[in-house]
Structure formats: structure tokens, C-alpha cells
Amino acid sequence: MLKIAICDDDPVHSKIIQEELKKNLEIKYNVTEFFSGKTFLNSIEQTGCSYDLIFMDIELGDDLISGISVAKKVTELDPNVQIIFI
């Protein structure tokens, strides 16, 4: 099963991504949403990065941390994870 994370501060964008995944993916997958870069980093620092694919917002709004900064930290933990910037 493909494990997917969506890190986007806008729930509407997250929903759109999930709808597109549902229309286009033919394999089983599981999606976890994060609406804050800090929350996402805390999660993977505690449990490890168990995701195969991450959809990452470049600008995370009021989070004061960019998606690019989050992605750098994520790839330090797991250099094999695939990140798609949105």
C-alpha cells in the first residue's frame, strides 16, 4: 500500500489533491493530512518518515516555516521519499 502525506495549510487544496488521487490512482493507498509544517515535522521526527510520497505546499501560510525547509529536513530523515511541491 502506498503511503501518502499531504502537507498544506489550505484544507481546500488538500481536498482537491485527494479527489485527483481517487480519480487517478489504481493502487491501494492511504493519505494522511497535515495542515502545518511544524505538525508534520513533529510527527515524522517522533515516528520516522513512513511515507512513500509527500505533497508539500511551498508556502505554509502562518506556519513561519516554508515547505522547502520542511522538505530538506524530511529528506535528511529519508532520502528516498518522493516530494511533489504544490
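# Briefing on a predicted model: cores, helix packing and aromatic pairs

At 15% relative accessibility, Cys49 counts as buried, because the limit for that label is under 20%. This residue belongs to a predicted model, and Cys49 is found in the loop between helix 2 and strand 3. Cys49 is also among the residues with the most contacts inside the largest nonpolar core, a set of 15 residues. The points below take up that core, the packing of helix 2 with helix 3, the aromatic rings, and a few single residues.

**The nonpolar cores**

- The largest nonpolar core has 15 residues, and those with the most contacts inside it are Phe40, Ile44, Cys49, Tyr51, Ile54, Val70 and Val74.
- Two or more residues of this core come from each of the following elements: strand 1 (2-7), helix 2 (37-47), strand 3 (53-56) and helix 3 (67-77).
- Helix 2 is the element that gives the most to this core, contributing three residues.
- Ile44 is in contact with Cys49, Tyr51, Val74 and Leu77, when its neighbours within four places in sequence are left aside.
- Apart from this core there is a second, separate one of six residues, which includes Ile17, Leu21, Leu53 and Phe55.

**The surroundings of Cys49**

- Not counting residues up to four places away in sequence, Cys49 touches Ile44, Ile54, Val74, Asp78 and Val81.
- Cys49 and Glu59 are 10 residues apart along the chain, and their C-alpha atoms are separated by 21 Å.

**Helix 2 against helix 3**

- Helix 2 and helix 3 pack at an angle of about 10°, and their axes are 10 Å apart.
- Helix 2 is therefore roughly parallel to helix 3, because angles under 35 degrees are counted in that way.
- On the side of helix 2 the contact is made by Gly37, Phe40, Leu41, Ile44 and Glu45, while helix 3 brings Val70, Lys73, Val74 and Leu77 to it.
- The residues of this contact divide into six nonpolar, one polar and two charged.
- Gly37, which lies in helix 2, counts as buried at 0% relative accessibility.
- The C-alpha atoms of Gly37 and Ser69 are separated by 9.0 Å, although the two residues are 32 residues apart along the chain.

**Aromatic rings**

- A search of the whole structure finds three aromatic pairs, and two of them, Phe34 with Tyr51 and Phe40 with Tyr51, are described here.
- The rings of Phe34 and Tyr51 have their centres 6.2 Å apart and their planes at 85°, so the pair is edge-to-face, given that planes over 60 degrees apart receive that label.
- This pair links distant parts of the chain, with Phe34 in strand 2 (residues 29-34) and Tyr51 in the loop between helix 2 and strand 3, 17 residues apart.
- Phe34 is buried, with a relative accessible area of 8%, and Tyr51 likewise counts as buried, at 10% relative accessibility.
- For Phe40 and Tyr51 the ring centres are 6.1 Å apart and the planes stand at 40°, so this pair is tilted.
- The pair of Phe40 and Tyr51 also links distant parts of the chain, since Phe40 is in helix 2 and Tyr51 in the loop between helix 2 and strand 3, 11 residues apart.
- Phe40 is buried, with a relative accessible area of 0%.
- Phe34, Phe40 and Tyr51 form one aromatic cluster.

**Two residues of helix 1**

- Ser14 lies in helix 1 (residues 11-24) and is buried, with a relative accessible area of 1%.
- Not counting residues up to four places away in sequence, Ser14 touches Ile6, Glu33 and Phe35.
- Gln18 also has its place in helix 1, but at 26% relative accessibility Gln18 counts as partly exposed, because this value falls between the limits of 20% for buried and 50% for exposed.
- Leaving aside its neighbours within four places in sequence, Gln18 is in contact with Ile6, Tyr29, Val31 and Glu33.
- Gln18 and Lys73, which are 55 residues apart along the chain, have their C-alpha atoms separated by 24 Å.

Notes
Residues numbered from 1 in each chain as written. Predicted model: local features only at pLDDT ≥ 70, side-chain atom pairs only at ≥ 80, totals over all residues. Heavy atoms only, no water. Helix = DSSP H or I, 4+ residues; strand = E, 2+ residues; numbered from the N terminus. Buried < 20%, exposed > 50% of the residue type's maximum accessible area, 1.4 Å probe, protein only. Contact = heavy atoms within 4.5 Å. Core = buried A, V, L, I, M, F, W, Y, C linked by side-chain atoms within 4.5 Å. Axes fitted to C-alpha atoms, helices over the stretch in contact; angles between N-to-C directions. Parallel < 35°, antiparallel > 145°, perpendicular 65-115°, else oblique. Nonpolar A, V, L, I, M, F, W, Y, C, P; charged D, E, K, R; others polar. Phe/Tyr/Trp six-rings, centres within 6.5 Å; stacked < 30°, edge-to-face > 60°.
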